Amino acid sequence: MHTRRTFLTTMAALAASLPAKALFAQALGKPFIAYDDGLQNGWQSWSWAKVQLALPIGGAKPIKVEGDPWSALALHHDAFPTEGYSKLTFSINGGGKGGQDLSIKASVDGKAVESGVVIQPKAKTWTQVEVTLKELGVEGKTIDGIVWQGQANAYSAYYITRIQFE
């Protein structure tokens with residue numbers, strides 16, 4: 001009886017420490033959505049780039065991002081485990097010029113985990129991107145954010161939407 005009580009107490013404490021929607025999404029095997037026509041499921045913008053959320057374009061509401069060297073779109077969430085997820089997916093459009101050098105990173109305890117994932121969105125084209133959590137260095141870890149960081153040059157506007165963990 002004492003063992004069962006200890007187990008139940010431990011499980012209740014664990015459940016209470018996780019965001020309810022993250023726990024719910026993981027339990028059902030559904031994607032954990034960060035952004036789709038707006039921030040969802042407790043995600044917040046902690047960006048240090050010029051960011052416009054929910055910009056109405058052709059029936060959708062993507063995020064518009066442009067910035068100075070090393071600026072970034074940064075989405076933050078209370079720490080959650082990545083167990084049950086294998087990849088980060090999103091749709092991105094390079095805007096009028098495209099070719100922005102964007103490094104994608106996840107954060108653990110508020111610090112970016114270095115990754116070798118750099119993308120260059122295509123001009124005037126929506127592209128579905130999949131990045132494995134292994135590539136981001138956070139497979140099986142507890143994370144608290146995702147960052148799309150420009151590199152050494154200022155960059156023109158790009159658009160991003162349907163950001164989720166699957």
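1. Where is Asp109 found? In this predicted model, Asp109 sits in the loop between β7 and β8. Asp109 is not a glycine, yet its phi is positive, at about 55°. Its relative accessibility is 69%, so Asp109 counts as exposed.

2. A second residue to check by its backbone angle is Lys124. Lys124 also is not a glycine and has a positive phi of about 55°. Its place is the loop between β9 (118–119) and β10. With 68% relative accessibility, Lys124 counts as exposed.

3. The strands on either side of the Asp109 loop, β7 and β8, come up again in the largest pocket. Strands β7 (102–108) and β8 (111–113) each supply at least two residues of its lining, and β5 (72–81) and β11 (142–150) do likewise. The most comes from β11, which gives five residues.

4. The volume of the largest pocket is about 210 Å³. Its lining has 16 residues, and those nearest the centre are Trp48, Ala74, Ser107, Gly110 and Val147. By residue class, the lining is made up of seven nonpolar, five polar and four charged residues.

5. The largest nonpolar core consists of 33 residues, and Phe90, Trp148, Ile163 and Phe165 have the most contacts inside it. Strand β12 contributes the largest share of this core, five residues. As a general matter, nonpolar side chains in soluble globular proteins tend to be buried together.

6. Trp148 deserves a separate entry. Leaving out residues up to four places away in sequence, Trp148 touches Ser71, Ala72, Leu73, Leu75, Leu88, Phe90, Ser103, Ile104, Tyr158, Ile160 and Ile163. Two of these partners, Phe90 and Ile163, are listed with Trp148 among the residues that have the most contacts inside the core.

7. Thr161 belongs to strand β12 (residues 155–165). Thr161 has a relative accessible area of 4%; the cut-off for buried is under 20%, so Thr161 is buried. Beyond its neighbours within four places in sequence, Thr161 is in contact with Tyr35, Asp36, Asp37, Lys61, Pro62, Phe90, Ser91 and Trp126. Phe90 therefore appears in the contact lists of both Thr161 and Trp148, by the contact criterion of heavy atoms within 4.5 Å.

8. How many salt bridges does a search of the whole structure find? The search finds three. In one of them, Lys105 pairs with Glu114, and the closest N and O atoms are 3.5 Å apart. The two ends fall into opposite accessibility classes: Lys105 counts as buried at 12% relative accessibility, whereas Glu114 is exposed, with a relative accessible area of 61%.

9. Glu130 forms a salt bridge with Lys87, where the closest N and O atoms are 3.4 Å apart. This pair links distant parts of the chain, 43 residues apart, with Glu130 in strand β10 (residues 126–132) and Lys87 in strand β6 (residues 87–93). Lys87 has 22% relative accessibility and counts as partly exposed.

10. The remaining entry is the salt bridge of Lys64 with Glu66, in which the closest N and O atoms are 3.9 Å apart. The cut-off is 4 Å, so this pair still qualifies. Lys64 is partly exposed, with a relative accessible area of 23%. Glu66 is partly exposed as well, at 28%.

Notes:
Residues numbered from 1 in each chain as written. Predicted model: local features only at pLDDT ≥ 70, side-chain atom pairs only at ≥ 80, totals over all residues. Heavy atoms only, no water. 1 Å grid on protein atoms, 1.4 Å probe; cavity = no way out; pocket = protein on both sides within 12 Å on 5 of 7 lines; lining within 4 Å. Points joined across faces, edges and corners; volume = space filled by probe spheres on them. Helix = DSSP H or I, 4+ residues; strand = E, 2+ residues; numbered from the N terminus. Nonpolar A, V, L, I, M, F, W, Y, C, P; charged D, E, K, R; others polar. Buried < 20%, exposed > 50% of the residue type's maximum accessible area, 1.4 Å probe, protein only. Core = buried A, V, L, I, M, F, W, Y, C linked by side-chain atoms within 4.5 Å. Salt bridge = Lys/Arg side-chain N within 4 Å of Asp/Glu carboxyl O.
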